[in-house]
Every structure is written in C-alpha cells, then in structure tokens.
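Here are a few exercises to work through with the model open on your screen. Try each task before you read its solution.

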Amino acid sequence: MAEVARDPIEHARALLAAKPDELIEAIAREAGVSTRTALELLPAEQRLFLAPERFEALWQDLATWGTVLFLMHTPDIVLECEGALPVGSFGHGYYNIHGDSPIGGHIKAENCRAIYLVDRVTAQGRRACSVQFFNAAGEVMFKIFVRRDASRALRPDQLKRFEGLKTRFV
C-alpha cells in the first residue's frame with residue numbers, strides 16, 4: 001500500500017504537539033519546513049515578531065546587556081559564545097561588530113528578514129528567552145540568549161530587558 005503524503009505544516013504541528021519542548025530546528029528538519037515556519041506554529045505567547053528594519057536599533061539595545069550567549073545553530077554545529085555584543089556600524093555591505101569581546105565579525109544585516117523574541121520552556125523544564133534573527137530562507141542566522149546565573153536561573157537584569165523589548169520594538 002502506498003504511503004499517503006503528509007502535509008509538512010500539519011506534520012510540524014503534530015510534532016510540536018507531541019514534543020512541545022523540542023528544538024524548533026529539529027521539528028523543522030523532521031517535518032521538512034523552514035525553522036521560521038515551525039516557529040510560527042508555536043503559541044503566540046512563545047514568539048513575537050519584530051520587523052527586520054529594527055535590526056540596528058535592536059542590536060544597539062542588546063549591546064548594553066553585558067555578557068550574553070550568542071548562538072549559531074546549523075545542521076553541522078551548534079556554536080555558543082559568551083560575551084558582550086560590540087556596538088556595530090554599517091560599512092561595505094555588512095553590519096560590522098568589533099571590540100573587546102569574543103563576539104565579532106561582519107553580519108549581512110540586509111539578509112535579515114525577520115526577528116523573533118522567543119520565550120519557551122526547554123526539555124530540562126527551564127524557561128529560555130532569546131532573540132532570533134532569520135534570513136530569507138526562513139533559517140536562523142543567529143540567536144542571542146538571556147544568560148543564566150550560577151543557579152541556572154535566568155539573570156533578572158537581562159530578563160527585565162528582554163521583557164522590555166516586547167513593548168519597545170513591536
């Protein structure tokens with residue numbers, strides 16, 4: 001008997017219902033949809049869209065947070081780097097970030113098509129708050145997470161700033 005083709009969106013919905021704390025990238029990959037498409041299936045209280053035109057203003061705000069967790073997640077690597085975000089500037093087609101931080105380089109900001117504030121519970125039962133930047137293919141360019149303290153709780157100062165983004169940048 002031939003297998004009936006599954007609608008990728010419905011498949012992603014079913015996966016999220018079965019594993020609500022699963023990594024969005026894993027859900028997307030298994031369902032055959034973009035990460036942004038899978039993220040959009042989360043309950044509204046877990047994700048908030050910010051216009052990509054707010055990139056620079058948002059980055060400038062994030063650069064005041066102190067040490068954050070900068071994460072890049074590809075099919076081949078999850079790269080995590082802790083450091084302060086350097087204030088950047090545009091030049092030669094990039095948003096250039098340099099400073100006294102392990103986080104530095106050149107971001108093709110014009111490729112950013114969506115930014116989301118993501119607030120969900122992890123598989124370990126902990127709340128995780130991040131700012132996620134998406135490209136035109138619907139894949140994550142990079143994520144910036146609210147850091148945790150020594151007891152693994154979200155840092156209250158950064159959590160307050162994260163919550164503030166929900167009103168200042170919408």
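**Exercise 1.** Work out whether Arg 127 counts as buried, partly exposed or exposed, then find its salt-bridge partner.

*Solution.* Keep in mind that this is a predicted model. Start with the accessibility: buried means under 20% relative accessible area, and exposed means over 50%. Arg 127 comes in at 32%, so it counts as partly exposed. Next, look for the partner. Arg 127 makes a salt bridge with Asp 119, and their closest N and O atoms are 2.5 Å apart. Asp 119 has a relative accessible area of 13%, so this residue is buried. Finally, follow the charges outward: Asp 119 and Arg 127 belong to a salt-bridge network that also takes in Glu 163 and Lys 166.

**Exercise 2.** How many salt bridges does a search of the whole structure find? Pick out one that links distant parts of the chain.

*Solution.* Side chains of opposite charge can pair when their charged atoms come close. The search turns up 10 salt bridges. Try Lys 143 and Glu 25, whose side chains meet at 2.7 Å, N to O. Now place the two residues: Lys 143 is in strand β9 and Glu 25 in helix α2 (residues 24-31), 118 residues apart. Both Lys 143 and Glu 25 are buried.

For another case, go to Arg 155 and Asp 157, where the closest N and O atoms of the salt bridge are 2.7 Å apart. Arg 155, at 21% relative accessibility, counts as partly exposed, and Asp 157 is partly exposed too, at 37%.

**Exercise 3.** Trace the open sheet that contains β5, and say which strands stand at the edges.

*Solution.* First, read off the order: three strands run β4-β5-β6, paired antiparallel. Then count partners. β4 (88-91) and β6 (105-107) have a single partner strand each, so they are the edges, and one side of each has no neighbour in the sheet. From one strand to the next, the twist averages 35 degrees.

Now zoom in on β4 and β5 (residues 94-97), which share four antiparallel bridges. Across this pairing, Phe 90 sits opposite Tyr 95 in β5. Then add the helix: α4 (residues 55-62) packs on the sheet and touches β4, β5 and β6, with its direction at about 10 degrees to that of β5. Last, check the hairpin of β4 and β5. Two residues lie between the strands, and His 92 has a positive phi near 55 degrees.

**Exercise 4.** Which aromatic residues of helix α4 pair with rings in distant parts of the chain?

*Solution.* The structure holds 10 aromatic pairs. Take Phe 55 and Phe 133: their ring centres are 5.5 Å apart and their planes make 70 degrees, an edge-to-face pair. Phe 55 belongs to α4 and Phe 133 to strand β8 (residues 127-134), with 78 residues separating them. Phe 55 is buried at 3% relative accessibility, and Phe 133 is buried at 0%.

Then move on to Trp 59 and Phe 142. Their centres are 6.0 Å apart with planes at 85 degrees, so this pair is edge-to-face. Trp 59 is in α4 and Phe 142 in strand β9 (residues 140-145), so the pair ties together parts 83 residues apart in sequence. Trp 59 is buried at 0%, as is Phe 142 at 4%.

To finish, put the rings together: Phe 55, Trp 59, Phe 70, Phe 90, Tyr 95, Phe 133 and Phe 142 form one aromatic cluster.

Methods
Residues are numbered from 1 along each chain as its sequence is written. This is a predicted model: local features need pLDDT of at least 70, side-chain atom pairs count only at pLDDT 80 or more; totals for chains, interfaces and linings use all residues. Side-chain values use heavy atoms; hydrogens and water are left out. Two strands pair if DSSP finds at least two bridges between them. Axes are lines fitted to C-alpha atoms, for helices over the stretch in contact, and angles run from 0 to 180 degrees between N-to-C directions. Contact means heavy atoms within 4.5 Å. Rings of Phe, Tyr and Trp (its six-membered ring) pair if their centres lie within 6.5 Å; planes under 30 degrees apart count as stacked, over 60 as edge-to-face and the rest as tilted. Buried means under 20% relative accessible area, exposed over 50%, partly exposed in between (1.4 Å probe, protein chains only). A salt bridge is a side-chain nitrogen of Lys or Arg within 4 Å of a carboxyl oxygen of Asp or Glu.
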